[in-house]
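Let's take a walk through this structure together, stopping at a handful of places along the chain. Keep the view open beside you as you read.

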Amino acid sequence: MSLRIRISWPAGHTTATIDETPTSKALAGALPISSTARTWGEEVYFDTPVSVTVEPDARQVVAPGTVAFWTEGDALALPYGPTPISRGDEPRLASPCNILGRLDGDPRILATVRDGDPIRVELID
């Protein structure tokens, strides 16, 4: 089973396919979410009302476009390129994050998100 979500901000939107995991189930139960976008290098992240523990397959280095959940910050993390702690071009998250799925399409669309933008996440039927 997988879910589809839409992530929207003033300059655009993208969709993502989310796999069934304990974290994605908790997230789905909290949707829709409105939050404030933060940027960290080429990563967008934002607070959620969800609080979960680190899953066994959590990773710190991920592919661009990975939808991750940062358990230390109760936040969704959407890397599309290098962060301040990356080695080379890899997206390296602040700490190991639970992996939820992938953005549909080009993750570089996230470059249009500005720090402080309102951001909304909702389920797509």
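Pro32 sits in the loop between H1 and strand S3 (33-36). This is a predicted model, and in it the peptide bond that runs from Leu31 to Pro32 is cis, with omega near 0 degrees. To put that in context, most peptide bonds are trans.

Another backbone feature waits in the loop between S7 and strand S8 (75-79), where you will find Asp74. Its phi is near 50 degrees, which is a positive value in a residue other than glycine. Most residues other than glycine have a negative phi. How buried or exposed is Asp74? With a relative accessible area of 25%, Asp74 is partly exposed, because that value falls between the 20% limit for buried and the 50% limit for exposed.

Asp74 also leads us to Phe69, since the two appear together in a list of contacts. Leaving aside neighbours within four places in sequence, Phe69 is in contact with Thr23, Thr48, Val50, Val52, Asp74, Ala75, Leu76, Cys97, Asn98 and Leu100. Phe69 itself belongs to strand S7. Its relative accessibility is 0%, so Phe69 counts as buried. You can also look from Phe69 across to Pro96: the two are 27 residues apart in sequence, while their C-alpha atoms are 9.0 Å apart in space.

Now follow one of those contacts, Thr23, back to helix H1 (residues 22-30), where Thr23 is found. Thr23 is buried as well, because its relative accessible area is 0%. Setting aside neighbours within four places in sequence, the contacts of Thr23 are Val52, Glu55, Phe69, Asn98 and Leu100. Several names may look familiar: Val52, Asn98 and Leu100 are listed for Phe69 too.

Our last stop is about aromatic rings. How many aromatic pairs does the structure hold? There is one. A pair of this kind is described by the distance of the centres and the angle of the planes. Here the partners are Tyr45 and Trp70, with ring centres 6.1 Å apart and planes at 85 degrees, so the pair is edge-to-face; the angle needed for that label is over 60 degrees. Tyr45 lies in strand S5 (residues 43-47) and Trp70 in strand S7 (residues 66-70), so the pair ties together parts that are 25 residues apart in sequence. Tyr45 is partly exposed, with a relative accessible area of 23%, and Trp70 is partly exposed at 24%.

Conventions. Residues numbered from 1 in each chain as written. Predicted model: local features only at pLDDT ≥ 70, side-chain atom pairs only at ≥ 80, totals over all residues. Heavy atoms only, no water. Helix = DSSP H or I, 4+ residues; strand = E, 2+ residues; numbered from the N terminus. Buried < 20%, exposed > 50% of the residue type's maximum accessible area, 1.4 Å probe, protein only. Contact = heavy atoms within 4.5 Å. Phe/Tyr/Trp six-rings, centres within 6.5 Å; stacked < 30°, edge-to-face > 60°.
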